[in-house]
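Please examine the model below with attention to its pockets, cavities, helices and nonpolar core. The questions that follow take these topics in turn.

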Amino acid sequence: MDPHVSTTPFYGARFHHDPAAVYRHLRRDHGPVAPVQLEGGVPAWCVLGYRELHYVVGNPELFGRDPRRWNRWHIVPENWSLRAYVEPRPSALLADVEEHRTRGSVVREALDTVDSFELSAAVERICDTLIDRFAGRGFADLVVEYTHQIPLLAMAKVYGLADDEAPMLTHDVALSGQEGEEAVRAHERTVARMLRLVRERRARPTGDLVSHLVKHPIGFTEDEIAADLFITLGKAHLTTSDWMGNALRLMLTEPRFAVDLAGGRSSVGHALNEVLWEDTPIQNHVGRWATQDVQLGGKPIREGDLLVLGLAAANADPQVRPHGHEGATGNHAHLSFSHGEYGCPYPAQEIARTITTTGIGVLLDRLPDTNLGIHPEDLTWRPSVLMRGLTSLPVTFSPH
């Protein structure tokens with residue numbers, strides 16, 4: 001009997017309204033590994049358990065990254081919104097483990113060339129420019145007008161892109177992480193722009209991250225660099241934007257943060273860390289593919305099966321966190337950056353942390369009396385099985 005028949009939909013209104021409830025339901029009925037149906041009726045296994053997820057990401061020889069081994073490609077709809085995240089493409093970041101160790105290290109080297117002090121100064125200028133646009137009004141939407149723009153404007157600097165390209169890139173990168181046919185087209189437009197950027201740098205190299213990849217003696221193809229630039233840009237933009245927005249929501253709605261919000265930056269790090277445990281931007285990651293038949297969490301995983309990494313569910317696993325958010329402060333053992341060979345590389349984590357801490361810090365310095373403009377329960381979340389972020393964050397403050 002197919003274990004995926006009549007299983008829980010891992011998409012739709014119920015999931016988007018309260019994904020944590022879906023995770024609890026799956027854990028109660030199936031344990032740490034659950035059969036789920038992704039959008040379009042596509043079957044997968046969701047790894048909910050902290051220990052089980054740690055095992056999967058720590059054993060790339062058993063759970064590989066190459067989607068060509070997927071045993072259900074024949075039923076995947078052509079316009080499937082998650083296709084951009086699973087379609088085989090020439091990417092060092094998506095290669096299986098041996099190639100990834102060699103070629104993925106070059107991407108990490110390129111990220112490591114980003115100067116954190118220069119980046120912080122650039123982000124401060126970006127934040128001041130954005131705040132100047134709404135500071136005199138006394139109200140703003142911090143997602144639309146602030147957090148959603150900062151990471152991409154910052155990464156545009158890192159990539160050496162012109163500022164006037166940021167609005168369309170912001171639109172397309174955000175859209176590519178949602179559901180539906182428009183997500184597929186947005187992904188195609190962004191990859192096409194990255195390919196043009198690679199060709200521009202090959203013709204006229206500079207000192208930026210893209211030029212580092214183009215000039216590296218390992219010899220990446222243009223398609224490989226474009227694919228990795230898209231993946232890096234998408235993760236840097238949406239995850240960093242949602243990390244910042246979710247932390248601001250926490251600071252504006254939780255009384256224990258209220259004093260620090262008015263007083264400055266002292267609680268920013270605590271809020272950012274708590275979000276990684278409780279409301280992590282990357283909820284689920286698609287995916288891994290079993291390289292052989294294996295048992296995981298008591299379930300029979302077959303060779304070629306797709307596994308969804310349930311990062312948010314694993315962070316909330318009662319087997320390792322029986323008391324919820326208590327003890328999150330100072331505890332960095334969350335799986336929000338994943339782990340192992342394919343975990344978010346440390347230089348990328350530092351870029352994201354620089355952008356988020358600077359973005360929140362500048363806002364608190366400029367508008368210290370910021371208050372939420374609507375009831376917390378009226379806040380809405382962007383529909384995505386992969387990401388967790390607000391569609392808007394209305395606030396009020398004294399006009400400056």
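Q: How many nonpolar, polar and charged residues does the lining of the largest pocket have?
A: This is a predicted model, in which local features need pLDDT of at least 70 and side-chain atom pairs count only at pLDDT 80 or more, while totals for chains, interfaces and linings use all residues. Residues are numbered from 1 along each chain as its sequence is written, and side-chain values use heavy atoms, with hydrogens and water left out. Ala, Val, Leu, Ile, Met, Phe, Trp, Tyr, Cys and Pro count as nonpolar, Asp, Glu, Lys and Arg as charged, and the others, Gly among them, as polar. By these classes the lining has 10 nonpolar, 6 polar and 7 charged residues.

Q: Which helix supplies the largest share of the lining of the largest pocket?
A: On a 1 Å grid over the protein atoms alone, a pocket is an open set of points with protein on both sides within 12 Å along at least five of seven lines, a cavity is a set where a 1.4 Å probe fits but cannot get out, and lining residues have an atom within 4 Å of a point. The largest pocket holds about 530 Å³ of space, the volume being that filled by probe spheres set on grid points joined across faces, edges and corners. Its lining comprises 23 residues, with Asp18, Pro19, Ala20, Glu278 and Arg388 nearest the centre. Helices (DSSP runs of H or I, at least four residues; strands are runs of E, at least two; both numbered from the N terminus) contribute here, and the largest share, 5 residues, comes from H2.

Q: Which helix gives the most to the lining of the second largest pocket?
A: About 400 Å³ of space lies in this pocket, and of its 20 lining residues Val144, His148, Gln149, Leu153 and Thr170 are closest to the centre. At least two lining residues each come from helix H6 (116–134), helix H7 (142–147), H8 and H9. The most, 5 residues, come from H6.

Q: Which element gives the most to the lining of the second largest cavity?
A: The count of cavities of 30 Å³ or more comes to 6, and the second largest has a volume of about 300 Å³. Among its 19 lining residues, Tyr85, Ile231, Lys235, His285 and Leu386 are the closest to its centre. Two or more lining residues come from each of H4, H12 and strand E6 (285–290). With 6 residues, the element that gives the most is H12.

Q: Which helix gives the most residues to the largest nonpolar core?
A: A nonpolar core is a set of buried Ala, Val, Leu, Ile, Met, Phe, Trp, Tyr and Cys residues joined through side-chain atoms within 4.5 Å. The largest has 121 residues, and Phe10, Tyr146, Tyr159 and Leu393 have the most contacts inside it. With 15 residues, the main contributor is H12 (residues 222–253).

Q: How far apart are the end C-alpha atoms of helix H10?
A: The expected span is 1.5 Å times one less than the number of residues. For the 23 residues of H10 (residues 181–203) this gives 33 Å, which agrees with the end C-alpha distance of 34 Å.

Q: Is Trp277 buried or exposed?
A: Trp277 lies in helix H14. Buried means under 20% relative accessible area, exposed over 50%, and partly exposed in between (1.4 Å probe, protein chains only). With a relative accessible area of 4%, Trp277 is therefore buried.
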